[in-house]
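Thanks for making time, everyone. Please bring up the model on your screens, and we will walk through a few of its parts.

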Amino acid sequence: MVLQENIPLAPHTTFKIGGPTRYFVEATNVGDVQEAVTLARSRNLPLFVLGGGSNLVVSDAGWPGLVLKIAIPGIEQRSGHDENGRVVFEVGAGESWDRFVWHAVMAQCAGVECLSGIPGSVGGTPVQNVGAYGQEVAETIESVLALDLKDGQVRELCREACGFNYRSSIFNTTERERFIILRVTYALLPGGEPRIGYADLKRHFEGREAPPSLAETREAVRHIRALKGMLIVPGEPDCQSAGSFFKNPVLSEAQHEELQRRASERNLSLPSYPALEKNKKVSAAWLVERSGFTKGYGFGHVGISSKHALAIVNHGGATAAEVLALKDQIQQRVEEIWGVRLEPEPVMVGF
Ligand SMILES: Cc1cc2nc3c(=O)[nH]c(=O)nc-3n(C[C@H](O)[C@H](O)[C@H](O)COP(=O)(O)OP(=O)(O)OC[C@H]3O[C@@H](n4cnc5c(N)ncnc54)[C@H](O)[C@@H]3O)c2cc1C
């Protein structure tokens, strides 16, 4: 294990923003992770666990303690099938998520194809129950192997124990900062059909007679994501971001009625989708755009992507303070006009 000092964090994030960390360790195995935790404890250093850095806003001051980058590699396919006929993959938390999706698609296994092109690490996917284009990892995660910082034990958490919900799990809510994810196990359907449920995907394949393959679906998802600036393409100005900056609000029936009333006052029809327990999910992008923040809006070094109203982008040289100023402005205006408080999706580090 190599302990590095005073390492800039901006290059470790997709936003390319943030000051240095006092100490930095990259862990490629469980032993390294345990050693780094012991070191942080013995020196009383606050610990931050870093994956691919694609869902972070790091403060301009950086991190005062130890950043532990999880770089545990490996994609292993268990032999045979589970009791539901699924093929099980055990994947190191440090693997690139999109590399694993590619691997699964090449192995003709269905279940994660719509999640193609999402940046970040495998270990990051259970944290906010990554989802897109009609799929989320909660559907395929069988278990998560994690180091429990409460007692130093390595535990296998089954899917139910992870408490998955829309963009949440125990890892970013009730048990935040308790577990370091070491490996994730996914159960996928061999020879399964791709999920073509999402409107953009249906449109993409409209008029086709033969159903698309998993590989074609993966390419379609990546293509649609690129059009929205949601695929990391080196040199592309609209993808220095943390992806969607706000979660889609989940509203109670009463809140939803009030929002609908405000929309009809303005002769607008509100797009909404069913959510759990009689709740309704509404589009955060719709609210942002209808509060005056159109695509391409910006000032100084930060702005809204010209391709997606939900992505705040770093046009080059932006600071975390500038990002937060734009975030505050959007939250305030949306709340004034629509009575809904938008909740940021990225994790704030070192504020
Ligand atoms: C262009 C773009 C598009 C995106 N599109 C989507 C999308 O479609 N759907 C979606 O859900 N998300 C999307 N995201 C957000 C992001 O890619 C995902 O949330 C991703 O899973 C984050 O993983 P990461 O490894 O980068 O985590 P990081 O950003 O490094 O960390 C995020 C959080 O997870 C924790 N964490 C990371 N690894 C571990 C670990 N091994 N153990 C314990 N905790 C850990 C960190 O401490 C932090 O709290 C997008 C981001 C970008 C930049």
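I will take a sheet with its helix, then a cavity, then a second sheet and a helix pair. Keep in mind that this is a predicted model.

Start with the four-stranded sheet. It is open, the strand order is E1-E2-E5-E3, and the pairing is mixed. Which strands stand at the edges? They are E1, residues 4-8, and E3. Each has a single partner strand, so one side of each is left without a neighbour in the sheet. On average, neighbouring strands here are turned by 40 degrees against each other, direction ignored.

Now look at one pair in that sheet. E1 and E2 run antiparallel, and E2 covers residues 20-27. Four bridges join the two. For a landmark, find glutamate 5: its bridge partner in E2 is tyrosine 23. Helix H1, residues 30-42, packs on this sheet. H1 touches E2, E3 and E5, the last being residues 63-70. The direction of H1 makes about 170 degrees with that of E5.

Next, empty space. Rolling a probe the size of a water molecule over the atoms shows where such space is left. How many cavities of 30 Å³ or more does the structure hold? One. The largest cavity has about 30 Å³ of space. What lines it? From the N-terminal end, Leu9, Thr13, Phe48, Leu50, Leu56, Val58 and Val67. Val349 is also in the lining. Two strands each supply at least two of the lining residues: E3, at 47-50, and E4, at 56-58. By type, the lining has seven nonpolar residues, one polar and no charged.

On to the second sheet. Three strands form it, in the order E17-E18-E19. This one is also open, with antiparallel pairing. The edge strands are E17, residues 298-299, and E19, residues 312-314. Each pairs with a single strand, so one side of each has no neighbour in the sheet. Two bridges link E17 to E18, which spans residues 302-304. In one bridge, glycine 298 partners glycine 303 of E18.

Helix H7 lies across E17, E18 and E19. H7 runs at about 40 degrees to E18.

H7 also has a helix partner. H7 is residues 320-338, and H5, residues 253-265, packs with it. The angle is about 85 degrees, and the axes are 10 Å apart. Parallel or perpendicular? Roughly perpendicular, because angles of 65 to 115 degrees count as such. From H5, the contact uses Leu259, Arg262 and Ala263. From H7, the residues are Glu335, Glu336, Ile337 and Trp338. The contact residues divide into four nonpolar, three charged and no polar.

That is my tour. Over to you for questions.

Methods. Residues numbered from 1 in each chain as written. Predicted model: local features only at pLDDT ≥ 70, side-chain atom pairs only at ≥ 80, totals over all residues. Heavy atoms only, no water. 1 Å grid on protein atoms, 1.4 Å probe; cavity = no way out; pocket = protein on both sides within 12 Å on 5 of 7 lines; lining within 4 Å. Points joined across faces, edges and corners; volume = space filled by probe spheres on them. Nonpolar A, V, L, I, M, F, W, Y, C, P; charged D, E, K, R; others polar. Pairing = 2+ DSSP bridges. Axes fitted to C-alpha atoms, helices over the stretch in contact; angles between N-to-C directions. Contact = heavy atoms within 4.5 Å. Parallel < 35°, antiparallel > 145°, perpendicular 65-115°, else oblique.
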